[in-house]
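Please open the structure in your viewer, with the sequence panel alongside, and follow the selections below in the order in which they come.

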Amino acid sequence: MSCLLTNQTPLPATLRPYRDHSLQSHVLVIAKATWRLSTGRLAPAEQQAGLHMQAVSVCLGDLDLDPVQTKILESRLADQVVWLDHDLAPPKPAFDVIVAGYATAPAGHARLSIDAGIRIGNHKAGMRAFAPRYWHRLWLGYEARPVGPMVARVPLSYALADWDSGFAGGEPAEQGDRPVYLPWIEALDAASRPRRHARVPAGLGFWPENAAHRSMYSGTYDDAWQQERAPDLPADFDPRFYNCAHKDLQLPAPPIPGTPIRLVHLGQQPAIDCAFPSLSLAVQARTAAGHTHPALPMTPDTLVIEPEHDRLSVVWRVLIPAGAQADSVRTVRLFKTDNPAA
């Protein structure tokens with residue numbers, strides 16, 4: 001595909017060819033905007049966050065850990081985990097909300113556990129973060145006990161959560177002669193109690209492809225796929241695979257501009273309040289034969305909140321049928337529009 005993007009906005013944007021699981025070819029257009037998160041003044045960021053052309057990975061040892069957390073993770077400090085996904089996915093069926101940061105105790109006062117959460121309009125999601133703990137054997141059964149001092153911050157990483165590829169720790173019966181450490185992040189039930197032993201994935205950040213709520217949509221990569229369709233997507237691929245937020249933070253539709261957002265214990269302030277920003281984008285394609293298509297609205301489908309960097313980013317995406325020969329798309333114009341439905 002030879003196609004040129006004319007970007008009439010100050011935002012980072014790009015286009016890519018995309019072939020879906022129905023084997024239809026498209027031009028994928030992606031744009032991103034960043035605002036300051038500071039309480040009371042959601043203003044455009046002076047430095048716009050660029051598009052991530054690949055996933056942003058970090059070593060566990062590079063996270064902001066205190067001494068006891070570092071000690072417990074000693075054998076895993078070199079492990080690479082994805083902190084933020086790349087931005088080159090096609091439009092997502094649901095609206096992703098991702099918080100990249102730390103559960104933070106109020107006023108920096110260390111605690112054994114920190115309840116943290118986010119509310120967007122009437123939609124809420126929460127979790128409980130813990131200081132490192134281990135299973136202690138009792139006369140009858142086991143109990144969770146802290147390893148050492150309380151902590152002030154816990155990274156919001158799937159690597160520290162309670163699931164098969166995270167910090168599952170194991171069951172007490174598997175303890176043997178070595179301590180079995182518990183996950184640092186657990187889900188809360190309706191009464192704000194940890195769902196212990198339920199193995200319910202918890203967390204407000206990015207989730208990888210092998211997380212159950214994503215892998216179930218990845219499709220079948222068997223010998224038949226290898227012989228008949230590779231490298232195209234399997235016929236049973238489901239685009240819901242592209243949603244990489246926790247399932248509790250996949251909204252059915254983008255928030256309406258002005259929708260209030262509150263972060264609790266996810267930054268240096270106990271509560272951070274802002275609103276979903278108001279910005280509408282559209283694209284207009286022109287073919288090789290000079291035909292101009294009607295304008296298409298771009299749809300916001302990802303919200304990334306980074307309290308450590310005082311920023312909130314929104315990603316818009318749209319697919320344009322690529323066409324063929326004289327009807328193939330050759331240029332795409334990206335522009336702002338005053339009409340959210342335009």
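Select Ser218 in this predicted model, and you will be in the loop between helix H2 (212-215) and H3. Ser218 is buried, its relative accessible area being 16%, and a polar atom of its side chain lies 2.9 Å from the backbone oxygen of Ser215. If neighbours within four places in sequence are left aside, the residues in contact with Ser218 are Pro234, Phe237 and Phe241.

Next, move along the chain to the loop between helix H3 (223-228) and strand E14 (250-251), where Pro231 is found. The peptide bond that joins Ala230 to Pro231 is cis, with omega at about 5 degrees; most peptide bonds, by comparison, are trans.

Now zoom out to take in the whole chain, which has three helices and 21 strands. Of the 342 residues, 47% are buried, and the accessible surface comes to about 16,600 Å², with carbon and sulfur atoms accounting for 51% of that area. Among contacts between residues at least 6 apart in sequence, 66% join residues at least 24 apart.

From this overview, select the four strands of the open sheet, which run in the order E1-E21-E17-E18 with mixed pairing. Strand E1 (4-7) and strand E18 (296-297) stand at the edges and have a single partner strand each, so one side of each is left without a neighbour in the sheet. E1 pairs with strand E21 (residues 329-336) in the parallel sense over four bridges, and Leu4 can be found opposite Thr331 in E21.

Which residues touch the most other members of the largest nonpolar core? In this core of 76 residues they are Ile118, Leu303 and Val332. Display the surroundings of Val332, and, not counting residues up to four places away in sequence, the residues it touches include Leu4, Thr6, Leu15, Val29, Val283 and Ile320. A second, separate core has 11 residues, among them Tyr18, Leu28, Phe237 and Phe241; the last two of these, Phe237 and Phe241, are also in contact with Ser218.

Aromatic rings make the next selection, and a search of the whole structure finds 10 aromatic pairs. One of them is the tilted pair of Trp83 and Tyr102, at 6.0 Å centre to centre and with 50 degrees between the planes. This pair links distant parts of the chain, since Trp83 belongs to strand E5 (residues 80-84) and Tyr102 to strand E7 (residues 102-104), 19 residues apart. Trp83 is buried at 15% relative accessibility, and Tyr102 is buried as well, at 8%.

Turn then to Tyr158 and Phe206, whose ring centres are 6.1 Å apart with the planes at 65 degrees, so the pair is edge-to-face. Because Tyr158 lies in the loop between strand E12 (153-155) and strand E13 (185-186), and Phe206 in the loop between E13 and H2, the pair ties together parts that are 48 residues apart in sequence. The relative accessible area is 11% for Tyr158, which is buried, and 7% for Phe206, also buried. Add Trp163 and Trp207 to the selection, and the four residues on display form one aromatic cluster.

The last stop concerns the backbone: most residues other than glycine have a negative phi. Asp310, however, has a positive phi of about 55 degrees, and is found in the loop between strand E19 (299-306) and strand E20 (311-321). Gln325, in the loop between E20 and E21, likewise has a positive phi, near 55 degrees. Are these two residues buried or exposed? Asp310 is buried, at 19% relative accessible area, whereas Gln325 is exposed, at 71%.

Definitions and conventions: Residues are numbered from 1 along each chain as its sequence is written. This is a predicted model: local features need pLDDT of at least 70, side-chain atom pairs count only at pLDDT 80 or more; totals for chains, interfaces and linings use all residues. Side-chain values use heavy atoms; hydrogens and water are left out. Two strands pair if DSSP finds at least two bridges between them. Helices (H or I, at least four residues) and strands (E, at least two) are DSSP runs, numbered from the N terminus. Buried means under 20% relative accessible area, exposed over 50%, partly exposed in between (1.4 Å probe, protein chains only). Contact means heavy atoms within 4.5 Å. Accessible areas come from the Shrake-Rupley method with a 1.4 Å probe; for residues, only the protein chains shown count as cover. A polar contact is a pair of N or O atoms within 3.5 Å; within protein, one must be able to donate a hydrogen and the other to accept it, and residues adjacent in sequence count only if both atoms are side-chain atoms. A nonpolar core is a set of buried Ala, Val, Leu, Ile, Met, Phe, Trp, Tyr and Cys residues joined through side-chain atoms within 4.5 Å. Rings of Phe, Tyr and Trp (its six-membered ring) pair if their centres lie within 6.5 Å; planes under 30 degrees apart count as stacked, over 60 as edge-to-face and the rest as tilted.
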